[in-house]
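Visitor: I am new to this structure and would like to learn how to read it, one feature at a time. Could you show me the general idea of each feature and then the case here?

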Amino acid sequence: MELEKKLSKVSKRIKSSLIRELLDLKDPEMISFGGGVPDPDTFPRHEIAKIASEVIENEHRVTLQYGSTGGDNILKEQYIKLLKKHENIDNLDVDNLLITVGSQQALYLLGITFLDEESYCGVSRPIYLGAASAFQQRDPKFINVPLLEDGMDLDYLEKELEKLNKEGNIEKFKFLYVISNFHNPAGVTMGIEKRKKVVELANKYDFIIVEDDPYGALRFEGEKLPSIYSMAPERTILLNTFSKVLSPGLRLGLVVGPKDMVKRISMAKQAADLCTPALTQRIGARYLERFDLIEGIQPTIEIYREKKNLMMKLVEEKLGDIKGIKWINPEGGLFTWITLPEGFDTLEMFEIAKEEKILYIPGTAFYVDEPDNNTMRLSFCLPTKEKIKEGMDRLRKTIDRYAKE
Ligand code: PMP
């Protein structure tokens, strides 16, 4: 059969993820700065195992059954308490929350709920790959807002919005997608003035703000900033996840937003999977009753902080003399973002990197327009300190070989 002829337009648009392909390179000699996955040794597996066993034995009528599409109310109530304690977010009830299968599903559902082919959505440049692929399925028009060291270039965004306004197209601008803390892939955090400005623009031009914040709890230094959600709860959809603070294997994500929006997103979820697994939701709920997620993650943050500091020291020492190189020193999260001089193509250079047995993610993966080919994402969370040292030597060697060839 000629499969191509059977495929939908959407399916033809879907490309296999470059990251997934690169991470499939399984070679024990390889040092990987590639994947942004947490260190599995940091997962509280004994506690989770105990709770899992208890909720299967004692609560099987819930945990082994279908649940409601909106999600487990016990989990939602626990999460509302957490948002109040750690994020100063008040006045929520269970209808402001939707539990999703990771925040990746929330991104997909946002696409279904808000975007059509004629819609516009604002995204950062570079953009989180998973958001790009979720939104791309709807084939909207992207407004690619350059990222600066303190977050999106809002002057650029404002000009684009004004242009849409003049053309009579501003109503087609549905939402701005923002990763407020420790951006994936770029590592940058949006400063407080910019957060306020985003709200000002959203009020002026009447759009939704989607604030994706999987890394906010992983702050190593600097002051915690108020969420955009807390500044504009009436028009912001906040995405949170258990993936970076407890375990991605549970696949628990949360949408927090105005009730009417949450209801609409929930209606889209019904068609996707009926409900998030009742079992993992109840494990999450009982875990939150007993442990404070944010306090629990502190020892892990210590480990990440040390690794980040080491990597950034080495970037400066080993790569700092390369003329025109730039890098981001993140205040938290899992990534740093390196821009090599003009003329480098990190995807092409990847062939040499493989020979040198060092893995990074070429920046081209993170654009929905013409990519900046000289960029790359490095993650410091998984390799040991020794591997980080050795890996930075290999990276320098790779860069030197590429420059010569
Ligand atoms: N948003 C961002 C910015 C991410 O980096 C990730 C995970 N890499 C996700 C969403 C999705 O996370 P999950 O589905 O595991 O909650």
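Guide: Let us begin with how two strands are paired: in this predicted model, strand 4 (residues 141-148) and strand 5 run antiparallel and are joined by two bridges. One can follow the pairing down to residues, for leucine 147 has methionine 152 in strand 5 as its bridge partner.

Visitor: In what order do the strands of the eight-stranded open sheet lie, and which strands are at its edges?

Guide: A sheet is read by following its strands from neighbour to neighbour, and here the order is 2-9-8-7-6-3-4-5, with mixed pairing. Strand 2 (97-101) and strand 5 (151-152) are the edge strands, each of which pairs on one side only.

Visitor: How is the sheet of four strands ordered?

Guide: That sheet is also described as open, with the order 10-11-14-13 and antiparallel pairing. Strand 10 (326-327) and strand 13 have a single partner strand each, so one side of each is left without a neighbour in the sheet.

Visitor: How many bridges hold the neighbouring strands together, and which residues face each other?

Guide: Let us walk across the sheet from one edge. Strand 10 pairs with strand 11 over two bridges in the antiparallel sense, and there lysine 326 is opposite threonine 339 of strand 11. Strand 11 (residues 335-339) then pairs with strand 14 over five bridges, again antiparallel, with threonine 336 standing opposite leucine 378 of strand 14. Finally, strand 13 (residues 361-362) runs antiparallel to strand 14 and is joined to it by two bridges, where proline 362 has methionine 376 as its bridge partner.

Visitor: Are the two faces of strand 14 covered or open?

Guide: The general idea is that side chains in a regular strand alternate between the two faces of the sheet. In strand 14, Thr375, Arg377 and Ser379 lie on one side and Met376 and Leu378 on the other, and all of them are buried, which leaves both faces covered. Because five of the five residues of strand 14 (residues 375-379) are buried, the strand is largely enclosed by the rest of the structure.

Visitor: Which residues have the most contacts inside the largest nonpolar core?

Guide: To read a core, one looks for the residues with the most contacts inside it, and in this core of 99 residues they are Phe175, Leu176, Val178, Ile209, Val210 and Val255. Helix 7 (residues 102-114) gives the largest share of this core, six residues. Taking valine 178 as a case, and leaving out residues up to four places away in sequence, one finds that it touches Met152, Met190, Val198, Ile209, Val210, Glu211 and Ile228. Met152 among these is the residue already met as the bridge partner of leucine 147.

Visitor: How do helix 6 and helix 13 cross, and which residues meet there?

Guide: For two helices one considers the approach of their axes and the angle between them: the axes of helix 6 (residues 73-87) and helix 13 (residues 278-290) come within 8 Å and cross at roughly 40°. That angle makes helix 6 oblique to helix 13, and the crossing is left-handed. Ile74, Leu75, Gln78, Tyr79 and Leu82 of helix 6 meet Gln281, Gly284, Ala285, Leu288 and Glu289 of helix 13.

Visitor: Is leucine 7 buried or exposed?

Guide: Here one counts neighbours, and a residue with 12 or fewer is taken as exposed; leucine 7 has 12 C-beta neighbours inside 10 Å, so it counts as exposed. Leucine 7 lies in the loop between helix 1 (3-6) and helix 2 (9-13).

Notes
Residues numbered from 1 in each chain as written. Predicted model: local features only at pLDDT ≥ 70, side-chain atom pairs only at ≥ 80, totals over all residues. Core = buried A, V, L, I, M, F, W, Y, C linked by C-beta atoms within 7 Å. Buried ≥ 20, exposed ≤ 12 C-beta atoms within 10 Å, placed from the backbone. Contact = placed C-beta atoms within 7 Å. Pairing = 2+ DSSP bridges. Axes fitted to C-alpha atoms, helices over the stretch in contact; angles between N-to-C directions. Parallel < 35°, antiparallel > 145°, perpendicular 65-115°, else oblique. Left-handed = near helix turned anticlockwise from the far one by under 90°.
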